[in-house]
Amino acid sequence: MTKPFLFAPFSFLAISFFLLLNPTAALPGHDSTAGSMVKKSQRTILVETQYGQVSEVNISTGENGPYHLEFITLDPNSLFLPVLLHADMVFYVHTGSGTLSWADDDETKTVNLRRGDIYRLQPGSVFYVQSNVDPEMEKLRIHAFFSNADDASFEASIGAYSSLVDLVFGFHTKTLQSAFKVPEEVIEAMRNTTRPPVIVHVASKKRMTFRELEARFLKTILGGNRGDFFDFDNKKKKKKTKVYNIFEAGPDFKNCYGWSATVDSQDLRFLKGSNVGVFMVNLTKGSMMGPHWNPSATEIAVVLQGEGMVRMVCSSRGKQSKCKNMSFRVKEGDVFAVSRFHPMAQMSFNNDSLIFMGFSTTTKKNYPQFIAGKRSVLQVMDKRILALCFNVTNTTLDQIVSQQQDSLILDCTSCAEEEASIMEEEIRREEKKEEEKARREEEERQQREKEQEQKQEEEEARKREKEEEEARKREEEEARKREEEEEEEARRQEEERRQREKEQEQKREEEESRKREEEEEAKKREEEEQEEARQREEEEEARRQQERKREEEEREKKIGEEEGKQWEEEEASQRAEKRRREEAKAWEQEEVRKQEKERKTMGREEEEKEEWGEPETTLKRGAFWI
């Protein structure tokens with residue numbers, strides 16, 4: 001991180017410096033193409049036993065990644081069982097001590113591990129790790145970075161490593177028996193045992209019988225001359241290898257505000273061919289790693305101790321850029337990453353130091369560019385051009401460029417507190433914005449629901465109207481059908497009625513014809529009866545006249561005697577009078593009939609007279625009429 005640096009183009013420096021002064025900040029955890037952070041609590045646990053734990057973090061800056069880190073923790077006298085490495089592995093020993101063993105060519109190599117050690121294993125290596133036996137010592141904690149050899153990214157589809165035992169027992173028994181030239185019962189005995197977890201407790205010598213058998217079984221995979229992975233005391237078959245210790249090597253830069261160190265292929269020959277470097281920074285209380293950017297490397301850092309602030313500034317302000325200026329509050333165990341070309345500054349709080357280490361990814365040498373201090377790139381730029389760039393006077397620019405006498409790690413009392421305060425204020429503003437946004441979204445949701453409800457009501461109204469229209473049409477159709485049926489029924493009834501009327505008319509005509517005949521007969525009978533009745537009436541009239549005379553006499557006689565019965569007599573009189581009138585009328589009618597009969601008789605006599613010429617008779621008849 002503090003190796004010799006080169007100067008980048010002027011325009012990029014000016015823009016980066018301006019962005020660093022820009023107070024706009026994004027909230028931690030927000031998406032950005034510049035950097036990101038994963039808290040310790042967000043690690044994914046891969047393995048956890050009573051003897052240790054393995055957790056992982058996959059982190060991406062948006063532009064690059066994902067990058068894969070694993071944190072291996074072993075209790076004293078514990079063993080991380082052999083695995084086949086799929087990716088390039090660079091690791092740092094954070095605490096504790098132990099040994100790393102791996103198969104290389106025809107031998108097993110071993111390195112002693114202690115705090116501050118850095119080492120690399122290449123893909124295809126079969127390795128295991130054992131912590132020291134002393135239970136009073138610290139746990140062995142290893143921070144490992146896995147990457148592809150080309151671009152330092154991680155191919156998650158194949159994973160970082162796989163269990164050696166799982167690979168072996170993926171073959172059938174017959175295949176293994178032929179490959180290892182051992183009895184079938186040996187293979188079956190090993191296959192039927194309970195598979196141990198990745199981290200186990202190391203057994204004592206007296207309990208190593210099965211381990212020795214298993215080790216013999218694995219020799220074919222590791223090569224006939226390779227050492228026994230589980231024979232930890234076989235010194236003859238193991239070759240000691242020296243590792244690089246960052247604390248023994250000392251810092252690249254140090255002042256009263258802290259120190260920094262970097263490790264690359266020039267420091268550790270095992271890093272040759274790798275695109276991964278290692279760095280460590282120790283900031284004392286109230287200090288800051290000066291604002292800088294990496295022109296060719298992305299940094300993935302792990303906080304080892306303390307708490308602090310990390311400020312990251314976007315290198316692009318294009319409207320389409322997804323990058324946001326960001327501030328992270330980091331503490332022990334957190335992981336943060338910053339892409340190349342993005343200025344950053346790490347700050348410690350006034351009450352605590354901040355120590356972090358990490359891995360840098362680059363395929364070529366990386367020369368960090370610092371903005372402030374003696375080594376600032378602004379020191380060598382033309383002051384007039386810089387003044388025009390920042391739109392300030394030369395005097396102001398001189399004050400900005402020349403005031404800082406320190407370099408790299410600077411005094412920054414209360415900077416972390418101020419950054420945290422700004423971030424918290426930004427968080428509050430963002431929360432307020434989120435609340436306002438949530439309120440607007442709620443209002444919009446309610447409005448949408450209202451519109452949706454209104455639309456639904458309109459839709460239901462249209463549906464009801466449609467249903468009503470369909471019902472009306474059905475009713476009209478049914479009514480039309482009923483009308484047609486009724487009309488048909490009416491026509492049928494009308495035809496039946498006409499048929500009945502026709503039959504009735506015919507029957508009536510027949511009845512009338514019959515009646516006419518009956519009437520003619522009745523008339524004839526009536527005429528005869530009238531003649532007889534006239535005669536009876538004449539006789540009756542005479543009798544009535546006598547009766548009336550007698551009644552009149554009796555009435556006159558009784559008038560004085562029956563005064564109290566006058567009304568009865570009057571009524572009787574009226575009835576008698578009515579009968580009299582009726583009788584008179586009947587008598588008159590009888591007289592008329594007699595006269596009519598006489599006229600008819602006279603007419604017939606006249607006809608006979610004319611026909612027979614009987615003057616006497618005629619005379620007599622004429623005399624009769626006279």
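**Exercise 1. Place F127.**
Is F127 buried or exposed in this predicted model?

*Solution.*
Step 1. Take the relative accessible area of F127, which is 1%.
Step 2. Apply the cut-off: buried means under 20%.
Step 3. F127 is therefore buried.

**Exercise 2. Classify a ring pair.**
A search of the whole structure finds 10 aromatic pairs. Why is the pair of F80 and F127 stacked?

*Solution.*
Step 1. The ring centres of F80 and F127 are 6.1 Å apart. Rings pair if their centres lie within 6.5 Å.
Step 2. The planes of F80 and F127 stand at 20°, so the pair is stacked. The cut-off for stacking is under 30 degrees.
Step 3. Locate the partners. F80 belongs to strand 5 (residues 78-85) and F127 to strand 10 (residues 126-131). With their positions 47 residues apart, the pair links distant parts of the chain.
Step 4. Check the cover on F80. Its relative accessible area is 0%, so F80 is buried.
Step 5. Look for further rings. F80, F127, F146 and Y161 form one aromatic cluster.

**Exercise 3. Classify another ring pair.**
What geometry does the aromatic pair of F279 and F356 have?

*Solution.*
Step 1. The distance is 6.4 Å centre to centre.
Step 2. The angle between the planes is 75°. Angles over 60 degrees count as edge-to-face. The pair of F279 and F356 is edge-to-face.
Step 3. Locate the partners. F279 is in strand 18 (residues 276-283), and F356 is in strand 24 (residues 354-361). They are 77 residues apart, so this pair too links distant parts of the chain.
Step 4. Check burial. F279 has a relative accessible area of 2% and is buried. F356 is buried as well, at 1%.

**Exercise 4. Find charges over rings.**
Which ring does R43 lie over, and which does the charged end of R269 sit over?

*Solution.*
Step 1. R43 lies over the face of F71, 3.6 Å from the ring centre.
Step 2. The charged end of R269 sits over the ring of F270, at 4.2 Å from its centre.

**Exercise 5. Trace a sheet.**
What is the strand order of the open sheet of seven strands, and which are its edge strands?

*Solution.*
Step 1. Read the order: 2-3-4-11-6-9-15, with antiparallel pairing.
Step 2. Strand 2 (44-49) and strand 15 (244-245) each pair on one side only, and these are the edge strands.
Step 3. Zoom in on one pairing. Strand 4 (residues 67-74) and strand 11 (residues 140-147) run antiparallel, joined by seven bridges.
Step 4. Pick a residue. I72 has I142 in strand 11 as its bridge partner.

Notes. Residues numbered from 1 in each chain as written. Predicted model: local features only at pLDDT ≥ 70, side-chain atom pairs only at ≥ 80, totals over all residues. Heavy atoms only, no water. Pairing = 2+ DSSP bridges. Helix = DSSP H or I, 4+ residues; strand = E, 2+ residues; numbered from the N terminus. Phe/Tyr/Trp six-rings, centres within 6.5 Å; stacked < 30°, edge-to-face > 60°. Buried < 20%, exposed > 50% of the residue type's maximum accessible area, 1.4 Å probe, protein only. Lys NZ or Arg CZ within 6 Å of the ring centre and 35° of its normal.
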